[in-house]
Amino acid sequence: MQPDFTRIGKRLFSEHLVGGNFGNMSVRIDEGYFITKTGSYLDADPEQIVLMPLNGRVTPGASSEWRVHTAVYNTSEHKAIVHAHPPYAVALSLLTDSEIITIDSEGKLLAPTIQVVDGPCGSEKLADVVAEGLSSTNIVIAKGHGTFAAGRDLDQAYLYTSLAEHCCKVLYLTKTYR
């Protein structure tokens, strides 16, 4: 499981879906979930992963978004979460209050609408609205903050992260062209 963190982290960096030490990832297991450490680079070695219980106790060093991950795992069947800061998705989230309607073929097929949620970074409010959104879909965008994608594994969560950025970039480019 741990090599997936590094592999997916490298893909996120190479596609410019995260920058610096922004973002985090987690994978659900029976005892809780593994999550990247706060301030860690997502393409870092497996020592940058900590085990978090689902009971709300905070493991020292866990990502500041641990509340979101806990809330999603406690309210859905998702097994992995990727939180990234894709620039086009972040930019378009600042221009709407509720959802982004995709126009490209991949978006229409996999995520015809992407809900935009709002709440302070790392807060219980953000955890609640992201968990509610991800209870019925695989991707939401936190207004001005980034994407939260979930799925059966890190690969699927990564796919939805990449999809959201692609869809938002297409929307941006078509609006610019006109």
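Contact here means heavy atoms within 4.5 Å. Keep that in mind, because I will use it for methionine 25 shortly. One caution as well: this is a predicted model.

Let's start with the sheet. Eight strands form it, and the sheet is open. The order runs E3-E2-E1-E4-E8-E7-E6-E5, with mixed pairing. Which strands stand at the edges? Strand E3, residues 49-52, and strand E5, 99-101. Each has a single partner strand, so one side of each is left without a neighbour in the sheet. Direction ignored, neighbouring strands are turned by 20 degrees against each other on average.

Now one pairing in detail. Strand E6 covers residues 113-117 and strand E7 covers residues 139-142. The two run parallel, joined by three bridges. Take valine 116: its bridge partner in E7 is isoleucine 141. Helix H5, residues 124-134, lies across E6, E7 and strand E8, which is 146-151. The helix runs at about 155 degrees to E7.

Next, the interior. As a general point, nonpolar side chains in soluble globular proteins tend to be buried together. In this model, the largest nonpolar core has 32 residues. Which of them touch the most other members? Leu12, Met25, Ile100 and Leu154. Several elements supply at least two residues each. Among them are helix H1 (2-14), strand E1 (24-29), strand E4 (80-84) and helix H3 (87-93). E6, E7 and helix H6, residues 154-177, do so too. H6 gives the largest share, nine residues.

Back to methionine 25. What does methionine 25 touch, leaving out residues up to four places away in sequence? The list includes Phe5, Ile8, Gly9 and Leu12. Phe34, Ile35, Thr36 and Leu42 are on it as well. So are His69, Ile81, Val82 and Leu154. Apart from the largest core lies another, of 22 residues. Leu54, Val117, Val130 and Phe148 are among its members.

On to helix H2. Seven of its ten residues are buried, so H2 is largely enclosed by the rest of the structure. The buried ones are Trp66, Val68, His69, Thr70, Ala71, Val72 and Tyr73. What covers them? The cover includes E1, E2, E3, E4, H5 and E8.

Tyr73 leads us to the aromatics. A search of the whole structure finds two aromatic pairs. One of them joins tyrosine 33 and tyrosine 73. The centres are 5.1 Å apart, with 50 degrees between the planes, and the pair is tilted. Tyrosine 33 lies in strand E2, residues 32-36, and tyrosine 73 in helix H2, residues 66-75. The pair therefore ties together parts that are 40 residues apart in sequence. Are these two tyrosines buried or exposed? Tyrosine 33 is buried, at 0% relative accessibility. Tyrosine 73 is buried too, with a relative accessible area of 4%.

Last, the cysteines. How many disulfides does a search of the whole structure find? Zero. For cysteine 121, the nearest cysteine sulfur is that of cysteine 168, 17 Å away. Cysteine 121 is exposed, with a relative accessible area of 54%. For cysteine 167, the nearest cysteine sulfur is again that of cysteine 168, at 6.8 Å. A disulfide would need the sulfur atoms within 2.5 Å, and cysteine 167 is in no disulfide. Cysteine 167 is buried, at 0% relative accessibility.

Definitions and conventions:
Residues are numbered from 1 along each chain as its sequence is written. This is a predicted model: local features need pLDDT of at least 70, side-chain atom pairs count only at pLDDT 80 or more; totals for chains, interfaces and linings use all residues. Side-chain values use heavy atoms; hydrogens and water are left out. Buried means under 20% relative accessible area, exposed over 50%, partly exposed in between (1.4 Å probe, protein chains only). Rings of Phe, Tyr and Trp (its six-membered ring) pair if their centres lie within 6.5 Å; planes under 30 degrees apart count as stacked, over 60 as edge-to-face and the rest as tilted. Helices (H or I, at least four residues) and strands (E, at least two) are DSSP runs, numbered from the N terminus. Two strands pair if DSSP finds at least two bridges between them. Axes are lines fitted to C-alpha atoms, for helices over the stretch in contact, and angles run from 0 to 180 degrees between N-to-C directions. A nonpolar core is a set of buried Ala, Val, Leu, Ile, Met, Phe, Trp, Tyr and Cys residues joined through side-chain atoms within 4.5 Å.
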